[in-house]
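Biologist: I have not worked with this protein before. Could you take me through the model, one topic at a time?

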Amino acid sequence: MFDRPAQHKDFGVFLPVANGGWIVSKTTPTLDGLYAQNRAAAIKADEVGMDFVMSMGKFRGFGGETDHWGTSLESVTLMAAIAEATKRVRIWATVHPLLQNPAVAAKMIATLDHISGGRAGLNIVAGAYKAEFDQMSAWDDSLSHDDRYALAEEWTTIVKRLWTEDSVDFAGKYFTMKDCQSKPKPMSAPRPELICAGMSDRGFQFSVREADACFIGGRSREEHREASRRAKALAATLGKTVRTYAMCTIIHAESDASAEALARRYAQGADMGAIVAMLASWGVPPERLDAVAQKQGAFMTQTMVGSPATCREQVEAFMTECELDGLMLIFPDYVEGLSMFGSEILPQLRSVFS
């Protein structure tokens, strides 16, 4: 399952599992974070031939006028329902090692893999935002940033072993397993896909070492390309390969001018209260919050704006220049955006990257 032809590119969807999606604005189409919209987006992604759908795990929002991400669905439960509603698209759920025992997580994803007929994947979020976890007494101040990744490494080792071994004994710093058993094993061969994102040095090492694909970021295409090359070079030293993906928002209209007007409207509606709270959770110093928030604005990812033809050119250039293996796409309106992408962009991209 993990090997792809060298030229193949994956195109997937970051489901709108939390209200507001990935444009922090008061003027975007309403994304409520609830099941009906997520189900409709996943079904459309499946129908148009996307490769995967993924949902994040989120437990607290950022306030502001829109209460951005204040409403969200639990990832694995959602994806089990999405698996029943779809036929082909790969199903990636998110789990936090700080919240779920590895034996429980291994069983959850194996269950998802059976429900989906071998389409499950696990997105591991090793880091955390203190306020989000502190509210449920799940934050341990004694764990440093690097400690959390060390914990995640033990956790991932145990999950992988439980998917393949009849009995697991493990004595680590953070977890102990005693004749731990987990049946049934996943249907996927050799196991469900593992996905991770980590841009710190420690997080980057964890992602490349443990995952089959890693999400990378950057403020420019040059930074994305450097991160992709760095991931692949590190993987080579470990005797493995890794796929690199990035996130991308598509804002389209019939003409470039109309799409640019939409983007301006969304930008002008930026929910600055939520943006400031989000950046604070990411660790931006208080004295820099306002300036960084103004610079970032409403858009959380690389954004392609224009007619379908212009967006296709931008996506192709982004993939090529940044040496990416895939994109996870975001839309202001998912069903409308996926319908357009599936009919007017994806076929051309498949012909280029094949």
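**Cysteines, core, pocket and backbone**

Modeller: The structure holds 0 disulfides. Please keep in mind that this is a predicted model.

Biologist: Where is the nearest cysteine sulfur to Cys-311?

Modeller: That sulfur belongs to Cys-248 and is 8.3 Å away, and Cys-311 is in no disulfide. A disulfide would require the two sulfur atoms to be within 2.5 Å.

Biologist: And which cysteine sulfur is nearest to Cys-322?

Modeller: Again it is the sulfur of Cys-248, here 10.0 Å away, and Cys-322 is in no disulfide.

Biologist: Is Cys-311 buried or exposed? The same question for Cys-322: buried or exposed?

Modeller: Cys-311 has a relative accessible area of 0%, so it is buried. Cys-322 also counts as buried, because its relative accessibility is 0%.

Biologist: Let us turn to the core. How many residues does the largest nonpolar core have?

Modeller: It has 108 residues, and Phe-11 and Leu-327 are those with the most contacts inside it. Helix 5 gives the most to this core, namely 8 residues.

Biologist: What does Leu-327 touch?

Modeller: Leaving aside residues up to four places away in sequence, its contacts include Phe-11, Phe-52, Val-315, Phe-318 and Met-319. Cys-248, mentioned above for its sulfur, is also among the residues that Leu-327 touches.

Biologist: Next, the pockets. What is the volume of the largest one?

Modeller: The largest pocket has a volume of about 1,900 Å³. It is lined by 49 residues, and the closest to its centre are Tyr-129, Met-199, Met-247, Trp-282 and Met-300.

Biologist: Which helices and strands supply at least two residues each to that lining?

Modeller: The strands are strand 4 (120-124), strand 7 (193-197) and strand 9 (243-252). The helices are helix 4 (130-134), helix 5 (145-164), helix 7 (221-237), helix 9 (272-281) and helix 10 (289-296). Helix 5 thus appears in this lining as well as in the nonpolar core.

Biologist: How does the lining divide into nonpolar, polar and charged residues?

Modeller: There are 26 nonpolar, 16 polar and 7 charged residues in the lining of the largest pocket.

Biologist: Now the backbone. Which peptide bonds to proline are cis?

Modeller: The bond from Lys-183 to Pro-184 is cis, with omega near 5°. Another cis bond joins Ala-189 and Pro-190, where omega is about 0°. Pro-184 is in the loop between strand 6 (176-180) and strand 7, and Pro-190 is in the loop between strand 6 and strand 7 too.

Biologist: Why point those out?

Modeller: Most peptide bonds are trans, and most residues other than glycine have a negative phi.

Biologist: On that second point, what is phi for Asp-67, and what is it for Glu-323?

Modeller: Asp-67 is not a glycine, yet its phi is positive, about 50°. It is placed in the loop between strand 2 (52-54) and helix 2 (75-85). Glu-323 also has a positive phi, near 55°, and lies in the loop between helix 11 (308-321) and strand 11 (326-330).

Biologist: How accessible are Asp-67 and Glu-323?

Modeller: Asp-67 has a relative accessible area of 39%, so it is partly exposed. Glu-323 counts as partly exposed because its relative accessibility is 31%.

Biologist: One last residue: where is Ser-207, and what does it touch?

Modeller: Ser-207 is in helix 6 (residues 201-210). With a relative accessible area of 2%, it is buried. Apart from residues up to four places away in sequence, Ser-207 touches Cys-196, Ala-197, Gly-198 and Cys-214.

Conventions
Residues numbered from 1 in each chain as written. Predicted model: local features only at pLDDT ≥ 70, side-chain atom pairs only at ≥ 80, totals over all residues. Heavy atoms only, no water. 1 Å grid on protein atoms, 1.4 Å probe; cavity = no way out; pocket = protein on both sides within 12 Å on 5 of 7 lines; lining within 4 Å. Points joined across faces, edges and corners; volume = space filled by probe spheres on them. Helix = DSSP H or I, 4+ residues; strand = E, 2+ residues; numbered from the N terminus. Nonpolar A, V, L, I, M, F, W, Y, C, P; charged D, E, K, R; others polar. Buried < 20%, exposed > 50% of the residue type's maximum accessible area, 1.4 Å probe, protein only. Contact = heavy atoms within 4.5 Å. Core = buried A, V, L, I, M, F, W, Y, C linked by side-chain atoms within 4.5 Å.
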